[in-house]
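Thanks for coming, everyone. Let me put the structure up, and then we will walk through a few places in it.

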Amino acid sequence: SLANYTKAADLGNAGAMAALGSRLLSGDEKLRDEKKGREWLKKAIAAKEYSAYLALGDYEENVKKDLKAALTEYERGKDAGQIDCTLRTADFYIEGKGVDKDPTRGFALLEKAAEAGSPVASFRLAVKALSTDKPDLLTGYKYLLAAASGNLVEAQNELGLLYLSGKLAIADSPAGVAWLTRAAQGGSAQAQNN
């Protein structure tokens, strides 16, 4: 695969540049080459393939164990509109990884990602809204519906259970079963059980 990514990258394919750079940084240890990996990721970024920031951040976080450098790369990707970088940046602020803990900022980033269409961000915001002592059902439902509509099977399962619970004024069995079925068909063992 490295040879094929190299061919495609040499032909100017930005996605291949990012994939090649990522593998040279974080792939099989025998094939790693930090200098070449960084060069390919820099070329990918120049070609507007912003997933390269994610690869750089993951390298800094998981291989180099430098959380501050990882956050810097994730922030650059977030600023370029890369959703996965936005999610990683939110995690860093919520958990206080490499930075002072700032859940308010982290959840604001999740809201931004949810507005951009991220089902994962929507699901995490739904969990936050629904798992407090006094759950915000309207907000939780809104985000859960967005995540479920984005084909996130965990959200489909939870939405099905929410419809069945009656917490939305009355139980809606047909809607609950429909969402559970959709999640089950998507491979969720929990939904199949439910």
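**Helices, a crossing and three residues**

On the other side of α7, away from its buried residues, Thr104 and Glu115 are exposed. Keep in mind that this is a predicted model.

So which residues of α7 are buried? They are Gly106, Phe107, Leu109, Leu110, Ala113 and Ala114. They cover an arc of only 150° around the axis, which puts them on the same side of α7. Here is the background: an α-helix has 3.6 residues a turn, so residues three or four places apart point the same way.

What covers that buried side? The cover includes α5 (67-79), α6 (83-95), α8 (119-130) and α9 (137-149).

Now the length of α7. This helix takes in residues 103-115, which makes 13 residues. From first C-alpha to last, α7 reaches 18 Å. That is close to the 18 Å expected at 1.5 Å a residue. After α7 comes Gly117, and its phi is positive, near 100°.

Just ahead of α7 is Asp102. Asp102 sits in the loop between α6 and α7. Is Asp102 buried or exposed? Its relative accessibility is 28%, so Asp102 counts as partly exposed. Setting aside residues up to four places away in sequence, Asp102 touches Tyr93 and Ile94. Compare its position with Gly81: the two are 21 residues apart in sequence, and their C-alpha atoms are 21 Å apart in space.

Next, α2, residues 14-26. This helix has 13 residues, so at 1.5 Å a residue it should span 18 Å. Its end C-alpha atoms are 18 Å apart, which agrees. At the start of α2, look for Asn13. A side-chain oxygen of Asn13 reaches to within 3.0 Å of the backbone nitrogen of Gly15.

The buried residues of α2 are Ala14, Ala16, Met17, Ala18, Ala19, Leu20, Gly21, Leu24 and Leu25. Where do they pack? Against α1 (2-10), α3 (34-46) and α4 (51-63).

That brings us to a pair of helices. Two packed helices are described by the angle between their axes and the distance between the axes. For α4 and α6, the axes come within 9 Å and cross at roughly 35°. The crossing is left-handed. Which residues meet there? From α4 we have Tyr53, Leu54, Asp58 and Glu61. From α6 we have Asp84, Cys85, Arg88 and Phe92.

Two more residues, and then I stop. Find Gln156 in helix α10, residues 153-165. Its relative accessibility is 2%, so Gln156 counts as buried. What does its side chain reach? The backbone nitrogen of Ala183, at 3.4 Å. A polar atom of the Gln156 side chain also lies 3.1 Å from the backbone oxygen of Ala148. Leaving out residues up to four places away in sequence, Gln156 touches Ala148, Asn151, Trp179, Leu180, Arg182 and Ala183.

Last one: Ser188. Look in the loop between α11 (173-185) and α12 (189-193). Ser188 has a relative accessible area of 10%, so this residue is buried. A polar atom of its side chain lies 3.0 Å from the backbone nitrogen of Ala191. Beyond its neighbours within four places in sequence, Ser188 is in contact with Val153 and Ala183. We have met Ala183 already: Gln156 touches Ala183 too.

That is the tour. Questions are welcome.

Note on methods
Residues are numbered from 1 along each chain as its sequence is written. This is a predicted model: local features need pLDDT of at least 70, side-chain atom pairs count only at pLDDT 80 or more; totals for chains, interfaces and linings use all residues. Side-chain values use heavy atoms; hydrogens and water are left out. Helices (H or I, at least four residues) and strands (E, at least two) are DSSP runs, numbered from the N terminus. The expected span of a helix is 1.5 Å times one less than its number of residues. Buried means under 20% relative accessible area, exposed over 50%, partly exposed in between (1.4 Å probe, protein chains only). Contact means heavy atoms within 4.5 Å. A polar contact is a pair of N or O atoms within 3.5 Å; within protein, one must be able to donate a hydrogen and the other to accept it, and residues adjacent in sequence count only if both atoms are side-chain atoms. The arc is that of the directions from the helix axis to the C-beta atoms. Axes are lines fitted to C-alpha atoms, for helices over the stretch in contact, and angles run from 0 to 180 degrees between N-to-C directions. A crossing is left-handed if the near helix is turned anticlockwise from the far one by less than a right angle, and right-handed if clockwise.
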